[in-house]
Amino acid sequence: MLDQTTIEKIADELVEAGRTRTPVPRLTARYPEMTVEDSYAVQNLWRERSEANGRKLAGRKIGLTSKAMQAATGITEPDYGIIFDDMILENGCTVKWDQYTHPRVEVELAFVLNRDVKGPNASIFDVLNATEYVVPALEILDSRIEMEGRTIVDTISDNAAMGAMVIGGNPVRPQDVDLRWIAAILYKNQTVEETGVAAGVLNHPAAGVYWLANKIAPHGDHLKAGETILAGSFTRPMWVYEGDTVHADYGQLGSITCRFE
């Protein structure tokens with residue numbers, strides 16, 4: 001495991017990389033002994049640095065929960081990261097492409113909580129009972145660490161590659177729809193690029209949420225009322241470039257659109 005001085009050095013590098021849009025060299029190439037525990041320590045310190053700079057926690061993201069995402073990244077276990085309030089964008093927004101490094105887009109569902117969810121024995125029923133509504137979302141992936149050869153250690157340190165999210169469509173209460181069968185069609189410039197069904201996320205999109213509650217419980221943390229939890233992608237990440245328009249059709253749950261300029 002890494003010493004505290006090295007963890008602080010890496011966290012400061014990532015804060016600067018986010019500011020300059022210049023990814024740092026891959027951590028696992030420089031620190032081959034680095035562990036998953038080290039990477040979460042880096043992420044937590046990065047979060048503290050960001051909050052000290054005025055950013056406000058708005059929720060959490062869960063990543064790598066579907067076979068599609070695991071196959072796309074070569075990583076076989078879920079991870080999680082932080083959502084700050086300045087990462088949440090409105091439906092129909094224009095996104096500045098050069099604010100992100102290697103941006104990609106994923107199709108997800110977001111759970112908005114009106115009650116706390118606490119581990120270590122949280123269940124899917126706890127999540128559903130604590131959810132005020134579920135709403136479509138697009139996640140914009142960002143990279144503050146070079147992408148070639150990344151492992152889960154690099155990805156976790158990089159706040160699970162969270163850049164921003166676009167939220168929109170029709171909010172629904174979880175008991176009013178079969179969440180497993182929510183489907184989406186993802187378009188780029190009027191061309192279908194990806195399709196998926198929410199059951200691709202651990203067989204139920206709420207499963208990732210209780211997984212996260214149980215994962216953070218040993219650290220004295222829990223999911224809080226008012227937080228927005230991105231439950232994980234059920235499509236592969238789609239590369240986007242300047243001038244691209246993205247449209248996601250969720251059927252009865254409406255649609256989300258954004259444009260990169």
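"Buried" here means a relative accessible area under 20%, "exposed" means over 50%, and "partly exposed" is anything in between. Keep that handy, and remember that this is a predicted model.

**Exercise 1.** Work out whether Y80 and W211 are buried or partly exposed, then classify their ring pair.

*Solution.* Start with Y80: its relative accessibility is 8%, so Y80 counts as buried. Next, W211 has a relative accessible area of 23%, so W211 is partly exposed. Now the geometry: the ring centres are 6.3 Å apart and the planes sit at 65 degrees. Planes over 60 degrees apart count as edge-to-face, so that's what this pair is. Along the chain, Y80 in strand β2 and W211 in helix α7 are 131 residues apart. Finally, ring pairs tie Y40 into a cluster with Y80 and W211.

**Exercise 2.** Find which residues of helix α7 are buried and what covers them.

*Solution.* Helix α7 spans residues 207–216, and its buried residues are A207, G208, V209, L212, A213 and I216. Then look at the cover: it includes strands β1, β2, β5 and β10, plus helix α5.

**Exercise 3.** Take the sheet with the order β4-β13-β12-β8-β9 and identify its edge strands.

*Solution.* The sheet is open, with 5 strands and mixed pairing. β4 (94–95) and β9 (191–197) each have a single partner strand, so one side of each lacks a neighbour in the sheet, and these two are the edges. Further in, β12 and β13 run antiparallel, joined by 5 bridges. In one of them, D249 is partnered with S255 of β13.

Conventions. Residues numbered from 1 in each chain as written. Predicted model: local features only at pLDDT ≥ 70, side-chain atom pairs only at ≥ 80, totals over all residues. Heavy atoms only, no water. Pairing = 2+ DSSP bridges. Helix = DSSP H or I, 4+ residues; strand = E, 2+ residues; numbered from the N terminus. Buried < 20%, exposed > 50% of the residue type's maximum accessible area, 1.4 Å probe, protein only. Contact = heavy atoms within 4.5 Å. Phe/Tyr/Trp six-rings, centres within 6.5 Å; stacked < 30°, edge-to-face > 60°.
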